[in-house]
Amino acid sequence: MDLLAPATGTTSIVRIDCGSVDVANFTKIFSDREAYPRGHRHLTNSCYLVTHNGRRLLWDTGLSAALKGKKQDFEGMVLSVDKTVPEQLAVLGVKPDDVDV
């Protein structure tokens, strides 16, 4: 198998919302030199369902499903999940057992 050869077959990628993080003071948490403008930032935690030639890979699993409908304060950040990964897979017609990797 030639590892440098281009991949062949059918590939699709679907973004899944795997939670969000509200950061009250972005520069304080993400920069030791305060390199970013001060203030609040809303970050998205994305996961991806990749299908290639009928095989499925879930890239990342996001924040814990236990956070669904809740907000958890974690060292200056508020974590939350609106829909779990299995719920979003179900909308796509995919069961967790259908994911190969």
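Two strands count as a pair if DSSP finds at least two bridges between them. Keep that in mind as you work through this predicted model.

**Exercise 1. Find out how many bridges join β4 to strand β5, and which residue is the bridge partner of aspartate 73.**

Step 1: Go to strand β5, residues 77-80. Four bridges join β4 to this strand, and the two run antiparallel.

Step 2: Check the rule: at least two bridges are needed, and four are there, so β4 and β5 pair.

Step 3: Now pick out aspartate 73. Its bridge partner in β5 is valine 78.

Step 4: Look at the turn of this hairpin. Two residues sit between the strands, and glutamate 75 takes a positive phi near 50 degrees.

**Exercise 2. Work out the strand order of the open sheet and name its edge strands.**

Step 1: Remember what holds a sheet together: strands pair through backbone hydrogen bonds, either parallel or antiparallel.

Step 2: Trace the five strands across the sheet. You get β3-β2-β1-β5-β4, with antiparallel pairing.

Step 3: Check the two ends of that order. The edge strands are β3 (55-59) and β4 (71-74), and each of them pairs on one side only.

Step 4: Add the twist. On average, neighbouring strands of this sheet are turned by 30 degrees against each other, ignoring direction.

**Exercise 3. Describe how β1 and β2 are linked, first by bridges and then by a disulfide.**

Step 1: Take β1 (residues 11-23) and β2 (residues 41-52). They pair in the antiparallel sense over eleven bridges. As one example of who faces whom, valine 23 stands opposite arginine 41 in β2.

Step 2: Look for sulfur atoms within 2.5 Å of each other. Cysteine 18 and cysteine 47 fit, with S to S at 2.0 Å, and they form a disulfide. The count comes to one disulfide.

Step 3: Place the two ends. Cysteine 18 is in strand β1 and cysteine 47 is in strand β2, so the pair ties together parts that are 29 residues apart in sequence.

Step 4: Are these cysteines buried or exposed? Both cysteine 18 and cysteine 47 are buried.

**Exercise 4. Decide whether threonine 27 is buried or exposed, and list what it touches.**

Step 1: Locate threonine 27: you'll find it in helix α1 (residues 26-30).

Step 2: Buried means under 20% relative accessible area. Threonine 27 has 0% relative accessibility, so it counts as buried.

Step 3: Leave out residues up to four places away in sequence, and threonine 27 touches Glu34, Ala35, Tyr36, Pro37 and Arg38.

Step 4: Zoom in on alanine 35. The side chain of threonine 27 reaches its backbone nitrogen at 3.4 Å.

Note on methods: Residues numbered from 1 in each chain as written. Predicted model: local features only at pLDDT ≥ 70, side-chain atom pairs only at ≥ 80, totals over all residues. Heavy atoms only, no water. Axes fitted to C-alpha atoms, helices over the stretch in contact; angles between N-to-C directions. Buried < 20%, exposed > 50% of the residue type's maximum accessible area, 1.4 Å probe, protein only. Polar contact = N/O pair within 3.5 Å; in protein donor to acceptor, adjacent residues only side chain to side chain. Contact = heavy atoms within 4.5 Å.
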